Amino acid sequence: MFRAMRRSELETIAAIDAQSYEFPWTAGNFLDSMLAGYRCCVYEEQGLIVAYAVMMAVVDEAHLLNLTVVPVMQGNGYGRAMLHRLIDCARDSGFVSMWLEVRPSNRVARQLYLAEGFQQVGLRKGYYPAAHGREDALLMVLEWQGVE
Ligand SMILES: CC(C)(COP(=O)(O)OP(=O)(O)OC[C@H]1O[C@@H](n2cnc3c(N)ncnc32)[C@H](O)[C@@H]1OP(=O)(O)O)[C@@H](O)C(=O)NCCC(=O)NCCS
């Protein structure tokens with residue numbers, strides 16, 4: 001079941017984020033996103049959160065800020081399913097494109113985005129914190145206006 005993220009589960013989601021990233025979001029980061037009106041959603045199966053995402057609107061663009069599948073559930077199609085739902089939501093809401101940043105070292109995520117039609121359109125130098133210094137971000141976009 002795809003649904004809105006609840007305030008009561010932010011600690012759980014932050015704990016999953018901490019297992020998933022070297023530089024995770026805190027519960028406060030997720031709360032700030034909710035309060036800012038970003039679309040914060042989860043995919044729940046049998047009462048458990050399997051995946052979650054945060055998407056921000058910038059005029060007519062959707063910006064995907066976080067997409068995470070619980071580590072033990074990765075590689076089973078949930079990330080792709082979640083991305084499809086997000087793209088459908090964005091399209092239905094009148095957005096014309098989806099933008100995201102991804103670490104060059106994140107092979108799995110890059111593969112997923114490329115397979116779903118995202119194109120690399122830029123590089124943000126030193127965008128991410130890294131164990132030693134900073135890591136660049138690849139800027140990717142999926143545009144659908146005028147395609148159909
Ligand atoms: C990136 C992430 C969201 C993908 O979700 P997932 O459920 O693991 O991936 P899926 O099972 O839906 O697979 C989608 C595609 O990802 C790629 N992929 C998945 N697992 C992979 C692996 N172990 N090695 C290489 N590519 C892989 C493949 O291209 C796959 O497509 P295919 O099955 O047709 O080959 C998930 O792995 C995750 O949460 N990772 C940690 C957090 C993260 O990096 N988020 C993205 C930040 S930009």
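Two strands pair here if DSSP finds at least two bridges between them. That's the idea behind the hairpin views below, and everything shown comes from a predicted model.

**View 1. The hairpin of E6 and E7.** Strand E6 covers residues 119-129 and strand E7 covers residues 134-143. Seven bridges hold this pair together on paper, and the two strands run antiparallel. For a handy landmark, find Arg-124: its bridge partner in E7 is Ala-137. Four residues sit between the strands in this hairpin, and Gly-133 has a positive phi near 85°.

**View 2. The hairpin of E2 and E3.** E2 also pairs with strand E3 (residues 48-58), again in the antiparallel sense and over seven bridges. Look for Tyr-43, which faces Ala-51 in E3. Between these strands there are two residues, and in this hairpin it's Gln-46 that takes a positive phi, near 50°.

**View 3. E1 alongside E2.** Strand E1 is just residues 2-4, and three bridges join it to E2, residues 39-45. The two run antiparallel, with Arg-3 standing opposite Val-42 in E2.

**View 4. Polar contacts to the ligand.** Which residues have polar atoms next to an oxygen atom of the ligand? Here are three contacts to pick out, two from the backbone and one from a side chain. A polar backbone atom of Gly-77 lies 2.6 Å from a ligand oxygen, while for Arg-80 the backbone distance is 2.9 Å. Asn-106 joins in through its side chain, with a polar atom 2.6 Å from an oxygen of the ligand. On its own the ligand would expose 920 Å², and the protein buries 73% of that.

**View 5. The pocket and its shell.** The ligand takes up the space of the largest pocket. Which elements give two or more residues to the shell around it? They are strand E4 (61-69), helix H3 (78-92), strand E5 (97-102) and helix H4 (107-115). H4 is the top contributor, giving six residues to the shell.

**View 6. Who's who around the ligand.** There are 20 residues around the ligand, and the ones that come nearest are Leu-67, Val-69, Gly-77, Gly-79 and Asn-106. What mix of classes does the shell have? If you're setting up a pharmacophore-style tally, it's nine nonpolar, eight polar and three charged residues.

How values were computed: Residues numbered from 1 in each chain as written. Predicted model: local features only at pLDDT ≥ 70, side-chain atom pairs only at ≥ 80, totals over all residues. Heavy atoms only, no water. Near = heavy atom within 4 Å. Polar contact = N/O pair within 3.5 Å; in protein donor to acceptor, adjacent residues only side chain to side chain. Areas by Shrake-Rupley, 256 points an atom, 1.4 Å probe, with all protein chains shown as cover. 1 Å grid on protein atoms, 1.4 Å probe; cavity = no way out; pocket = protein on both sides within 12 Å on 5 of 7 lines; lining within 4 Å. Sits in = over half its atoms within 2 Å of the grid points. Nonpolar A, V, L, I, M, F, W, Y, C, P; charged D, E, K, R; others polar.
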